Amino acid sequence: MPVIANNVSLTAGSSSVNVFDNSNYQFVNEGTELRISAAVVGANDGVQGSNVNYRFTINNTEFADDAIVPALVTGQPFTDGATSYRTNSVIATGQARNRPLLIFRNQTSGTLVVKFYIFISQQR
């Protein structure tokens, strides 16, 4: 099954581009499962307005908006199986071509790195 995984460096106050853009998966078929895992490399205090957040939508359905990205824990593996980093697990429904959107936003005063891992089930 396909995976999109990478690190995104975000300066203070900046947002990432949609991580699905310019990939083979900027559109996914109906019935496709997406499992999103993410972690901040560094402290993420969880105080609203001063941390790293994410937004995840498929078409017009919002699954997360301004949700906090968990901090990476030393010694805890960052894989699809690490449920402590799982931020969403959804199955695309509604259309033959669904448009996922995943954006990370740094609301801190420094530069931070976000790791993400997206499992994409087989396209039907």
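Buried means under 20% relative accessible area, exposed means over 50%, and partly exposed lies in between, with a 1.4 Å probe and protein chains only. The exercises concern a predicted model, in which local features need pLDDT of at least 70 and side-chain atom pairs count only at pLDDT 80 or more, while totals for chains, interfaces and linings use all residues. Residues are numbered from 1 along each chain as its sequence is written, and side-chain values use heavy atoms, with hydrogens and water left out.

**Exercise 1. Confidence**

Task: State the average pLDDT of the protein chain, and name the element where confidence is lowest.

Solution: Begin with the scale, since pLDDT is the predictor's confidence in each residue, from 0 to 100. Where pLDDT is low, the predicted coordinates should not be read in detail. The protein chain averages 89, and 93% of the residues score at least 70. Confidence is lowest in β7, with a mean of 90, and highest in β8, with 96; strands such as these are DSSP runs (E, at least two residues) numbered from the N terminus.

**Exercise 2. The open sheet**

Task: Work out the order of the strands in the open sheet, and find which of them are edge strands.

Solution: Strands of a sheet pair through backbone hydrogen bonds, either parallel or antiparallel. Two strands count as paired if DSSP finds at least two bridges between them.

Step one is to look at β1 (residues 3–10) and β9 (residues 112–120), which run antiparallel and are joined by 8 bridges. Within this pairing, Val8 has Val114 as its bridge partner, and Leu10 stands opposite Leu112.

Step two is to turn to β3 (residues 33–41), which is also antiparallel to β9 and is joined to β9 by 8 bridges. Here the bridge partner of Leu34 is Ile120 in β9.

Step three puts the pairings together: the open sheet has 4 strands in the order β1-β9-β3-β6, with antiparallel pairing. Its edge strands are β1 and β6 (86–91), each of which pairs on one side only. On average, neighbouring strands of this sheet are turned by 15° against each other, direction ignored.

**Exercise 3. A hairpin**

Task: Describe how β4 is joined to β5, and say which residue in the turn has a positive phi.

Solution: Strand β4 (residues 52–58) runs antiparallel to β5, and 6 bridges join the two. One of the bridge pairs is formed by Phe56 and Ala64, the latter in β5. The two strands form a hairpin with 2 residues between them, and Asn59 in the turn has a positive phi of about 55°.

**Exercise 4. Salt bridges and burial**

Task: For the pairs Asp21 with Arg99, Arg35 with Asp80 and Asp66 with Arg105, find how far apart the N and O atoms are, and decide whether each residue is buried or partly exposed.

Solution: Side chains of opposite charge can pair when their charged atoms come close. The rule asks for a side-chain nitrogen of Lys or Arg within 4 Å of a carboxyl oxygen of Asp or Glu, and by this rule the count comes to 6 salt bridges.

Take Asp21 and Arg99, whose closest N and O atoms are 2.7 Å apart. This pair links the loop between β1 and β2 (28–29) with the loop between β7 (97–98) and β8 (100–106), across 78 residues. Asp21 is partly exposed at 29% relative accessibility, and Arg99 is partly exposed at 29%.

Next, Arg35 and Asp80 meet at 2.5 Å, N to O. Because Arg35 lies in strand β3 and Asp80 in the loop between β5 (61–68) and β6, the pair ties together parts that are 45 residues apart in sequence. Arg35 is buried at 17%, and Asp80 is buried at 13%.

Finally, Asp66 and Arg105 meet at 2.2 Å, N to O. This pair links strand β5 with strand β8, the two residues being 39 residues apart. Asp66 is partly exposed at 25%, and Arg105 is partly exposed at 32%. Salt bridges that share partners also join Glu33, Arg35, Asp80 and Arg86 into one network.

**Exercise 5. Charges over rings**

Task: Name the ring that Arg35 lies over and the ring that Arg99 lies over.

Solution: A charge sits over a ring if NZ of Lys or CZ of Arg is within 6 Å of the ring centre and within 35 degrees of the ring normal. Arg35 lies over the face of Phe119, at 3.8 Å from the ring centre. Arg99 lies over the face of Phe27, at 5.4 Å from the ring centre.

Key
Axes fitted to C-alpha atoms, helices over the stretch in contact; angles between N-to-C directions.
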